[in-house]
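The following exercises are to be worked with the sequence and the three-dimensional structure in view. Each task is followed by a solution in steps.

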Amino acid sequence: MKTALITGITGQDGSFLSEFLLSKGYEVHGTIRRSSVDYRERIAHLEGQPKFHLHYADLGDSMSLIRVISKVRPDEIYNLAAQSHVQVSFDSPEFTANVDATGVLRILEAVRLSGLADTCHIYQASTSELYGKVEEVPQNEDTPFHPYSPYAVAKLYGHWIVKEYREAYNMFCCSGILFNHESERRGETFVTRKITLAAARIAQGKQSKLYLGNLSSLRDWGYAKDYVECMWLMLQNDKPEDFVIATGIQHSVRDFCYYAFKHVGIELEFVGEGADEKGVIKSITPQLSVVNKQLAVGDVLIEVSADFFRPTDVVNLWGDPSKAKEKLGWNPQKTTFEELVKIMVDADMAKVAVERAGESIRTNLVEYLEKGIVK
Ligand code: NAP
Ligand code: F7E
């Protein structure tokens, strides 16, 4: 059976890929970083399984990478580790370059130094952000890159150094140019998760408003669980090639809000333009009116805040997954946009309900302690 090493195993994709590879019988190793809080939420359910192993390593630390790669001697490496937030890359550009650009080089050199260049297949997490200030729509493997953030510029280096090592040393290394993929495990500051969490909190009376940046930005959003399968397919291919992974369908941030709120029982209409645009309640389902009596038609739930504008923003991403469909037999439409929104909103409705139940237990406990009912 094969052995895989996943960097970034604690992230959204790392957790889904671990589950996928374990289900295929792989021995799965992952790199983690030391943190003062050692609770790794997305992979907690996998820890302790006999075929699941964790090692400390950092993409900024060559020695840790050489140590883990030479010890594990993987058949496949999935390099998912990155400072992955585009807006954060404007605040921490040097850190982003060190991890997302030079970090990729460190992995490739660690593989060579460990004597695995001829055997190890390497997947690099490239991104649709490379298209940036887009030069054509939809984007495919031949569309020119025009990176438009420190994150994208760093990822462009990662993309090209993988290509260079493939050609210079005949290594089996390739990049998946993945368009945005989301899930119930998505980080809470990415726009989709921010919206689904807010819709759940607003429906359950725990939040009154959602502040967003560019509502007109267009993305090709897919489901992360479907996308990790493609990473694996790329490494099983007979030769190393780069692939665009996308659904081929585009929506705006505004659309995402509409569908997410609709799923909790609120129909929104958008009024105004630019920084003055607002998402207002047009109607509420009778079921939600019973649960939350504070909500009323005409209430403003979404406003635009300049805090979430980026110095340069990528606004028109739309992928053409034809090559992955034909050559890898991958189905880009396995989970539809509406199903994705539903999966995320349902998960956040449950999460908020559990948090509320916990709060009410705590409140009752404090009251009982104060009254001496429990000691
Ligand atoms: P994510 O949830 O942000 O996970 C990033 C992972 O990288 C985490 O495990 C994080 O560890 C780790 N990491 C960060 N800095 C590191 C460092 N210096 N050394 C070692 N590990 C480090 O990202 P994701 O959404 O799963 O994305 C996976 C990869 O695909 C990333 O490379 C991302 O840039 C790329 N990508 C994502 C998308 C998307 O839509 N999700 C699209 C295209 C490409 P901690 O948990 O310790 O922070
Ligand atoms: O932004 C706009 C924002 O942060 C999407 C990463 O996984 O996918 C992700 O990068 C769009 C942008 O993702 C808010 O301006 C509006 O136009 O969810 P996001 P991203 O920047 O596309 C790519 C493919 C990756 O590779 C990255 O690793 O939504 N937007 N209002 C907002 N974005 C955020 N975060 N927050 C807002 O309030």
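**Exercise 1.** Which backbone nitrogen lies 2.8 Å from a polar atom of the side chain of Asp-242? Describe the surroundings of Asp-242 in the predicted model.

*Solution.*

Step 1. The backbone nitrogen in question belongs to Ser-175, and its partner is a polar atom in the side chain of Asp-242, at 2.8 Å.

Step 2. Locate Asp-242 in the chain: this residue sits in the loop that joins α7 to β11 (243–245).

Step 3. Asp-242 has a relative accessible area of 12%. Buried means under 20%, so Asp-242 is classed as buried.

Step 4. Examine the side-chain partners. A polar contact at 2.9 Å links the side chain of Asp-242 to that of Arg-166.

Step 5. Complete the list of neighbours. Not counting residues up to four places away in sequence, Asp-242 touches Glu-141, His-159, Arg-166, Cys-174, Ser-175 and Lys-323.

**Exercise 2.** Is His-159 buried or exposed? Identify its element and its contacts.

*Solution.*

Step 1. His-159 belongs to helix α5.

Step 2. The relative accessibility of His-159 is 4%, and this residue therefore counts as buried.

Step 3. With neighbours within four places in sequence set aside, the contacts of His-159 are Ser-126, Leu-130, Phe-145, Ser-175, Ile-177 and Asp-242.

**Exercise 3.** Characterise the site of ligand 1, proceeding from the nearest residues to the contributing elements.

*Solution.*

Step 1. Around ligand 1 there are 24 residues, of which Thr-10, Arg-33, Ser-84, Tyr-151 and Lys-155 come nearest.

Step 2. Consider the polar atoms facing oxygen atoms of the ligand. Ser-84 places a polar side-chain atom 2.7 Å from an oxygen atom of ligand 1. Backbone atoms also take part: a polar one of Gly-11 is 3.1 Å from an oxygen atom of ligand 1, and an N or O atom of the His-181 backbone is 2.9 Å from an oxygen atom of ligand 1.

Step 3. Assess the burial. Ligand 1 exposes 900 Å² when taken alone, and the protein buries 87% of that area.

Step 4. Assign the shell to elements. Two or more residues come from each of α1 (12–23), β5 (121–127) and α5 (150–169); β5 gives the most, with three residues.

Step 5. Sort the shell by class: 10 residues are nonpolar, nine polar and five charged.

**Exercise 4.** Carry out the corresponding analysis for ligand 2.

*Solution.*

Step 1. Ligand 2 is surrounded by 23 residues, and the closest are Ser-84, Thr-127, Tyr-151, Ser-217 and Arg-310.

Step 2. Two side chains are to be noted here. Arg-186 has a polar side-chain atom 2.9 Å from an oxygen atom of ligand 2, while for Lys-194 a side-chain N or O atom is 2.7 Å from an oxygen atom of the ligand. From the backbone, a polar atom of Val-314 lies 3.5 Å from an oxygen atom of ligand 2.

Step 3. Taken alone, ligand 2 exposes 700 Å², of which the protein buries 96%.

Step 4. The shell of ligand 2 comprises eight nonpolar, nine polar and six charged residues.

**Exercise 5.** Which residues touch the most other members of the largest nonpolar core?

*Solution.*

Step 1. This core has 65 residues, and Leu-21, Tyr-78, Phe-261 and Ile-266 touch the most other members.

Step 2. Among the elements, helix α7 (residues 224–236) gives the most to this core, namely nine residues.

Step 3. Ile-266 serves as an example. Aside from neighbours within four places in sequence, Ile-266 is in contact with Ile-202, Phe-261, Ile-281, Ser-283, Leu-288, Leu-295 and Leu-301.

Step 4. Another core, of 24 residues, lies apart from the largest one and includes Val-72, Val-104, Leu-116 and Ala-117.

Note on methods
Residues are numbered from 1 along each chain as its sequence is written. Chains are lettered from A and ligands numbered from 1 in the order in which they are written. This is a predicted model: local features need pLDDT of at least 70, side-chain atom pairs count only at pLDDT 80 or more; totals for chains, interfaces and linings use all residues. Side-chain values use heavy atoms; hydrogens and water are left out. A residue is near a molecule or strand if one of its heavy atoms lies within 4 Å of it. A polar contact is a pair of N or O atoms within 3.5 Å; within protein, one must be able to donate a hydrogen and the other to accept it, and residues adjacent in sequence count only if both atoms are side-chain atoms. Accessible areas come from the Shrake-Rupley method with a 1.4 Å probe; for residues, only the protein chains shown count as cover. Helices (H or I, at least four residues) and strands (E, at least two) are DSSP runs, numbered from the N terminus. Ala, Val, Leu, Ile, Met, Phe, Trp, Tyr, Cys and Pro count as nonpolar, Asp, Glu, Lys and Arg as charged, and the others, Gly among them, as polar. A nonpolar core is a set of buried Ala, Val, Leu, Ile, Met, Phe, Trp, Tyr and Cys residues joined through side-chain atoms within 4.5 Å. Buried means under 20% relative accessible area, exposed over 50%, partly exposed in between (1.4 Å probe, protein chains only). Contact means heavy atoms within 4.5 Å.
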